[in-house]
Amino acid sequence: MQEWNLRGSDADGGVRVGCLVSRLLTGSWREPLPPFDLTEEELTAVSTLLLDTGAAALGWRRVRPSPLIGVRAADQFREFYRSHGLQAALYERSVTRVVAHLRAVGVEPLLAKGWAIARLYPEPGLRPYGDIDLCVPPEQYATAEVALRDLEEVMCGVDLHRGVVRHWGRSAFTRMNDRSLDDLYQRSQVVPAGDTEVRILSAEDHLRLLCLHLWGHGAWRPLWLCDIAVALETLPASFDWDLFLSGDRRRSEWVISVLCLAHHLLGAQLERTPIADHAQQLPHWLVPTVLRQWGRHRRHRIPMADVPRRPSRLLKQLIVHWPNGVEATADVHAPCNDWPRLPIQLAACFVRTARYLTTTRS
Amino acid sequence: MESTHQPLPKARADGLVVQELMDEVVVYDLARHRSHCLNQTAALILRHCDGSTSVAEMARRLQQEAGVPVDEEAVWLGLSRLSRAHLLQEKVHAPVSGDRATRRTILRRLAAVGGVALVSSISVAEAATGTIPAICFTTCCGLCQSGSLGNNCKCCLPATGTAFCSGNCGAGGCGSAQCLAMPNCCNPGQPPC
């Protein structure tokens with residue numbers, strides 16, 4: 001990361017704090033851990049950001065063997081680690097129940113993100129969980145939806161996806177619509193989960209989905225890049241890079257950029273991979289954009305349709321919705337090159353506004 | 001020391017979700033919606049509560065596994081903490097030993113084996129809403145003014161239970177930048193979020 005030599009306007013406060021986040025999380029998933037080199041002031045400066053973005057437990061893992069174990073930030077990280085650990089157990093219980101319930105009605109769901117990536121970390125509790133992301137064939141969607149409505153005692157929400165919908169959307173599986181659902185199922189793998197088994201995407205498809213998900217959301221959560229770094233360093237020997245990079249060329253360009261980001265910002269090992277040469281060819285704006293994003297609190301985005309019609313609120317939300325260079329690139333399906341991002345960010349705003357107007361009129 | 005009037009301690013088999021972490025064990029009680037954090041010693045004692053291991057045998061095994069001298073009295077103390085947390089099938093009553101100083105000594109010794117508290121409870125809100133239960137953070141304190149996080153810090157919004165203040169206590173309370181969205185959060189000692 002230091003080789004980016006951030007200067008001038010790039011070296012603003014956000015970027016500097018983002019650099020601290022990057023230093024703290026570098027190798028945080030590895031065994032043995034890299035040396036810890038943050039001061040107490042630096043740790044305090046990033047603690048809120050880590051708590052806010054779900055990376056506090058990884059922060060705890062880094063601080064645990066360091067002299068800073070007794071500081072306040074470390075205590076907070078530890079509490080989140082315990083909380084995530086407990087949630088991991090409850091989440092796995094929920095996953096197995098949901099999958100078993102769907103199987104009972106003849107639906108075999110595909111699981112992605114959440115548990116599917118957490119299982120690759122060296123210990124439980126290192127990342128938080130949200131919904132259970134499941135994809136089912138479109139013709140079985142209604143059956144699955146009804147079955148889930150009957151299901152009790154599941155402690156987290158289920159985000160049910162109707163196959164890979166044929167339009168560019170923001171949900172996890174629509175980002176994979178350059179592949180057929182049949183192919184995703186055919187390549188999928190069944191892995192043990194608790195006292196049962198669940199079907200997850202193949203390593204190639206899952207890594208691509210994780211990269212596209214991060215890209216589409218402007219890489220704002222450092223945890224997502226940690227997920228990718230973990231996946232990258234635990235790839236099976238049989239990993240098919242050609243398959244991973246197949247499909248929409250522009251998206252493949254983006255996923256290469258994401259892996260290179262993981263290398264530059266978190267020290268993920270790209271050596272001995274076919275994309276190692278790309279690591280030095282990242283566009284100049286990318287690393288500072290992500291670091292700046294990591295160094296700032298991301299305000300909560302309310303869908304524009306729900307924003308109260310008061311000018312002050314509208315203006316505030318418009319600012320919050322301003323896409324960073326990564327998100328804008330995804331929004332308008334732009335190339336990830338050295339061209340300035342401002343025109344692309346403006347174009348992304350235009351596209352969103354058009355979409356918003358179309359939706360509200362219809 | 002062995003009590004002959006009660007069955008050998010046995011851990012609850014149902015209704016508990018147990019997660020082993022690096023240096024402690026977190027247990028969630030599905031019936032009571034409470035979670036407990038066990039240090040290594042308490043976790044070892046609980047592991048040996050199989051209904052057939054005597055307290056003397058537990059002490060012997062614990063000594064082997066933890067590498068420090070552990071006597072029966074220490075095991076009894078651990079069992080009573082686990083029992084109080086409802087993690088055993090039947091209540092355990094340690095043989096009477098009224099000496100507080102002795103108990104303090106034992107606690108200190110056990111603390112040296114594995115952490116500070118044998119069993120610390122993490123309060124969680126009732127999981128009736130079908131979500132992962134809310135977990136109270138010990139850094140939460142007091143009630144906030146509704147919606148503002150203005151006067152007290154280290155707390156969550158009592159009305160919604162969706163925020164957690166990560167900042168330092170001070171006259172200004174918790175600044176909005178430090179008010180984190182934390183859906184599974186509530187105030188310790190307060191009603192469920």
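Is Ser83(A) buried or exposed? Ser83(A) is buried, and its relative accessible area is 2%. The views below come from a predicted model, and the first one begins with this serine.

**View 1. Ser83(A) sits in helix H4 of chain A.** Helix H4 covers residues 72-104, and Ser83(A) is one of them. With a relative accessible area of 2%, this serine counts as buried. For a sense of distance, look across to Leu126(A): the two residues are 43 apart along the chain, and their C-alpha atoms are separated by 9.8 Å.

**View 2. Arg30(A) and its contacts, in the loop between helices H1 and H2 of chain A.** The loop that holds Arg30(A) runs between helix H1 (13-25) and helix H2 (40-53). Beyond its neighbours within four places in sequence, Arg30(A) touches Arg61(A), Glu233(A), Gly267(A), Ala268(A) and Gln269(A). Gly267(A) also takes part in a polar pairing: its backbone oxygen is 2.6 Å from a polar atom of the Arg30(A) side chain.

**View 3. A cis peptide bond leads into Pro32(A).** Pro32(A) is in the loop between H1 and H2 of chain A. Follow the backbone from Glu31(A) to Pro32(A) and you will find omega near 0°. As background for this view and the next, most peptide bonds are trans, and most residues other than glycine have a negative phi.

**View 4. Ala219(A) and Arg272(A) both have a positive phi without being glycine.** For Ala219(A), phi is near 55°. This alanine belongs to the loop between helix H8 (203-216) and helix H9 (222-233) of chain A, and it is buried at a relative accessible area of 2%. For Arg272(A), phi is about 65°. Here the loop is the one between helix H11 (249-266) and H12 of chain A. Arg272(A) is exposed, with 81% relative accessibility.

**View 5. The second largest pocket encloses about 490 Å³ of space.** Its lining counts 17 residues, and those closest to the centre are Gln293(A), Arg296(A), Ile319(A), Val320(A) and Trp322(A). Three helices of chain A each give two or more residues to this lining: H12 (286-294), H13 (311-321) and H14 (325-331). Which classes of residue make up the lining? There are seven charged, six polar and four nonpolar residues.

**View 6. Helix H1 of chain B is mostly covered.** This helix takes in residues 40-47, and six of its eight residues are buried. The buried ones are Thr41(B), Ala42(B), Ala43(B), Leu44(B), Ile45(B) and Leu46(B). At the N-terminal end, Asn39(B) acts as a cap: one of its side-chain oxygens lies 3.0 Å from the backbone nitrogen of Thr41(B).

**View 7. Cysteines in a structure with zero disulfides.** Why does Cys211(A) not form a disulfide? The closest cysteine sulfur, in Cys260(A), is 10 Å from the sulfur of Cys211(A), so the two are too far apart for a bond. Cys211(A) is buried, at 1% relative accessibility. In chain B, Cys37(B) is buried too, with a relative accessible area of 3%. The search behind this view took in the whole structure and found zero disulfides over all chains.

Terms used. Residues are numbered from 1 along each chain as its sequence is written. Chains are lettered from A and ligands numbered from 1 in the order in which they are written. This is a predicted model: local features need pLDDT of at least 70, side-chain atom pairs count only at pLDDT 80 or more; totals for chains, interfaces and linings use all residues. Side-chain values use heavy atoms; hydrogens and water are left out. Helices (H or I, at least four residues) and strands (E, at least two) are DSSP runs, numbered from the N terminus. A polar contact is a pair of N or O atoms within 3.5 Å; within protein, one must be able to donate a hydrogen and the other to accept it, and residues adjacent in sequence count only if both atoms are side-chain atoms. Contact means heavy atoms within 4.5 Å. On a 1 Å grid over the protein atoms alone, a cavity is a set of points where a 1.4 Å probe fits but cannot get out, and a pocket is an open set with protein on both sides within 12 Å along at least five of seven lines; lining residues have an atom within 4 Å of a point. Grid points are joined across faces, edges and corners, and a volume is the space filled by probe spheres set on the points. Ala, Val, Leu, Ile, Met, Phe, Trp, Tyr, Cys and Pro count as nonpolar, Asp, Glu, Lys and Arg as charged, and the others, Gly among them, as polar. Buried means under 20% relative accessible area, exposed over 50%, partly exposed in between (1.4 Å probe, protein chains only). A disulfide is a pair of cysteine sulfur atoms within 2.5 Å.
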